[in-house]
Amino acid sequence: MRKHLFSILFLVAAGAIWWASISSTVRNPYADNDNPVIVTSGYVPYTLLKELAGDSVNVLMLLPPGAEPHAFEPTPGALVMLQHADAFVYVSDELEPWAADLAKSVGQKTRVLALAQSFPKTGDPHVWMDPQQAELMAYELSELLADIAPQHRSVTDKNYSKLADELDQLDKDFQTQLANCQSREVVHIGHLAFGNLAQKYNLQLTALAGTSHNGEHSAKKLAALVKQIKQNNIHTIFTEDTLSPRLAQAVAQETGAQILPLYPIEHISKDDFNNNVTYAELMRRNLESLKRGLQCQA
Ligand SMILES: [Zn+2]
């Protein structure tokens with residue numbers, strides 16, 4: 001029995017020595033190449049990183065396409081994935097409490113970056129809805145890439161400057177194209193994801209639910225919205241592309257308003273994910289919906 005135990009201990013020790021000897025050269029199981037691995041919480045850091053890094057970094061997203069972003073429950077495998085990653089990026093503790101919890105357990109090897117943690121608090125954690133804030137997030141990501149993949153710095157810098165120009169233009173287009181509209185009332189049958197956008201471009205937003213999808217939306221709030229739509233002669237209501245359309249359809253039926261989509265970008269439909277639709281493209285869809293819905297003149 002004693003001899004048997006000794007054999008087992010010997011095998012364990014030999015295995016540990018063997019693992020230690022090769023682990024520094026072992027390829028990351030979450031990548032099929034030797035490039036660094038960065039894991040993101042949801043789609044905003046994911047798409048910005050892809051644009052900045054191109055193929056020089058493996059970017060992985062924890063939130064599956066179509067999943068709810070605020071109260072997401074990561075699988076046990078997520079922590080193992082994070083422990084193998086060079087960095088974990090999320091937006092903020094307020095937006096993704098689950099990501100903040102995960103970040104506490106990633107281990108020393110993995111850098112953690114909460115992109116918008118130091119941004120001014122506006123009561124709506126969807127900070128990227130202001131393209132200038134998205135640009136700040138992209139800048140932080142470019143600095144992270146410079147640390148993690150310094151050999152690709154010239155490409156990353158070039159991509160950052162192209163993206164920054166694109167976001168500046170996007171901001172200007174929102175300002176000019178939403179300047180002259182029949183209505184400035186945005187009634188959103190969804191969660192409070194567009195508060196920063198409304199504030200930036202001088203729109204009046206009413207959202208059915210709070211800042212997360214689990215935020216309360218009572219029958220009373222719904223009735224108040226229907227009343228507001230009828231009283232103010234509002235022609236358009238907005239909904240979120242990945243939410244069930246039933247509630248918006250019921251409001252539309254009751255009020256005669258048309259339904260147009262808005263894209264919170266933090267989560268993404270499977271089709272848009274597969275097509276690598278960018279932040280700026282989704283924001284341009286938002287601009288088109290708002291222009292149509294609020295009857296803006298270019
Ligand atoms: Zn949200």
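## A tour from the open sheet to the disulfide

Four strands make up an open sheet, ordered E2-E1-E3-E4, with parallel pairing. This is a predicted model. Select the edge strands, E2 (58-61) and E4 (111-114); each of them pairs on one side only. On average, neighbouring strands of this sheet are turned by 20° against each other, direction ignored.

Next, select strand E1 (residues 37-40) together with E2. Four bridges join E1 and E2 in the parallel sense. Within this pair, Thr 40 stands opposite Met 61 in E2.

Now add the helices that lie across these strands. Helix H2 (residues 43-53) lies across E1, E2 and strand E3 (87-90), and runs at about 165° to E2. Helix H5 (residues 131-148) lies across E1, E3 and E4; its direction is at about 170° to E4.

**The zinc site**

Select the zinc ion and its surroundings. Which protein atoms are the donors of the zinc ion? They are NE2 of His 70, NE2 of His 126, NE2 of His 191 and two OE entries of Glu 266, lying 1.9 to 2.6 Å from the ion. Along the chain, the donors follow the spacing H-x55-H-x64-H-x74-E. His 126 lies in the loop between E4 and H5, and Glu 266 in the loop between strand E8 (258-262) and helix H10 (270-274), so this pair ties together parts that are 140 residues apart in sequence.

Keep those two residues selected. Are they buried or exposed? His 126 is buried, at a relative accessible area of 0%. Glu 266 also counts as buried, with 4% relative accessibility.

**Strands E5 and E6**

Move to strand E5 (residues 185-189) and strand E6 (residues 204-207), which pair in the parallel sense over four bridges. From E5 the chain crosses through helix H7 (residues 195-200) to E6, in a right-handed β-α-β crossover. To find the register, select Glu 185, which stands opposite Gln 204 in E6.

**The disulfide**

The last stop is the one disulfide that the structure holds. Select Cys 181 and Cys 296, whose sulfur atoms are 2.1 Å apart. Cys 181 lies in the loop between helix H6 (153-177) and E5, and Cys 296 in the segment after helix H11 (279-293), so the pair ties together parts that are 115 residues apart in sequence. The torsion about the S-S bond of Cys 181 and Cys 296 is about 100°, so the disulfide is right-handed. Cys 181 is buried at a relative accessible area of 16%, and Cys 296 counts as buried at 14% relative accessibility.

How values were computed
Residues numbered from 1 in each chain as written. Predicted model: local features only at pLDDT ≥ 70, side-chain atom pairs only at ≥ 80, totals over all residues. Heavy atoms only, no water. Pairing = 2+ DSSP bridges. Helix = DSSP H or I, 4+ residues; strand = E, 2+ residues; numbered from the N terminus. Right-handed = clockwise from strand over helix to strand, strands pointing away. Axes fitted to C-alpha atoms, helices over the stretch in contact; angles between N-to-C directions. Contact = heavy atoms within 4.5 Å. Donors = N, O, S within 2.8 Å, 3.2 Å for Na, K, Ca; no water. Buried < 20%, exposed > 50% of the residue type's maximum accessible area, 1.4 Å probe, protein only. Disulfide = S-S within 2.5 Å.
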